[in-house]
Amino acid sequence: MGDIDKDAIRARAEEVEPKAGLVDEDFYRWATQAADDRDALLDRLAVAEERARELEATVQRVGAERDEARSLIGDLYDESECWYDHHGYCQAHGWTDTSLCPHRRAAIVLGLRGSDV
Ligand SMILES: [Zn+2]
């Protein structure tokens with residue numbers, strides 16, 4: 001990236017060097033180092049830009065997946081109230097675990113109800 005015309009640098013060095021009081025060799029070394037540094041920075045910038053594009057694509061994909069998941073949860077969600085038996089199982093939805101019923105969790109995820117249990 002960033003083709004460096006070292007002949008042009010040398011020509012410019014020969015033109016400017018007498019005015020700057022620099023030795024030709026020093027100026028050429030300084031100028032080519034600056035050009036190499038610029039190339040290295042441009043290479044790093046290209047890598048960073050590519051990474052930014054990849055991250056943006058990931059954000060888009062994850063956002064689409066989130067939207068689809070929310071849509072599916074909404075379609076599968078049963079809005080009838082949970083009711084728990086003495087074991088803590090939700091009898092309304094046949095949830096035989098003592099963790100929060102998935103329909104209650106769906107309501108929370110969808111923002112249909114508060115997060116209170
Ligand atoms: Zn339930």
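The chain contains three helices and no strands, and its elements follow one another in the order α-α-α along the sequence. The model described here is predicted. Burial is scarce, with 6% of the 117 residues of the chain counting as buried. Of the contacts between residues at least 6 apart in sequence, 36% connect residues at least 24 apart.

Helix α2 comprises 53 residues, from residue 24 to residue 76. At 1.5 Å a residue, a helix of these 53 residues should span 78 Å, and the end C-alpha atoms of α2 lie 77 Å apart, so the computed distance agrees with the expected one. Helix α2 is hardly covered, as one residue among its 53 is buried. S71, which belongs to α2, illustrates the exposed state: this residue counts as exposed because 10 C-beta neighbours lie inside 10 Å, where the limit for exposure is 12 or fewer. S71 is also one member of a pair separated along the chain, since its C-alpha atom lies 9.2 Å from that of L110, although 39 residues separate the two in sequence.

Helix α3 spans residues 102–109. Buried residues in this helix are H103, R104 and A107. These three residues cover an arc of only 105° around the axis, and therefore lie on the same side of α3. Such an arrangement can be related to helical geometry: an α-helix has 3.6 residues a turn, so residues three or four places apart point the same way. Beyond the helix, α3 is followed by G111, which has a positive phi near 75°.

In summary, the predicted model is a chain of three helices without strands. Helix α2 has a single buried residue among its 53, whereas in helix α3 H103, R104 and A107 are buried.

Notes. Residues numbered from 1 in each chain as written. Predicted model: local features only at pLDDT ≥ 70, side-chain atom pairs only at ≥ 80, totals over all residues. Helix = DSSP H or I, 4+ residues; strand = E, 2+ residues; numbered from the N terminus. Expected span 1.5 Å × (residues − 1). Buried ≥ 20, exposed ≤ 12 C-beta atoms within 10 Å, placed from the backbone. Contact = placed C-beta atoms within 7 Å. Arc of directions from axis to C-beta.
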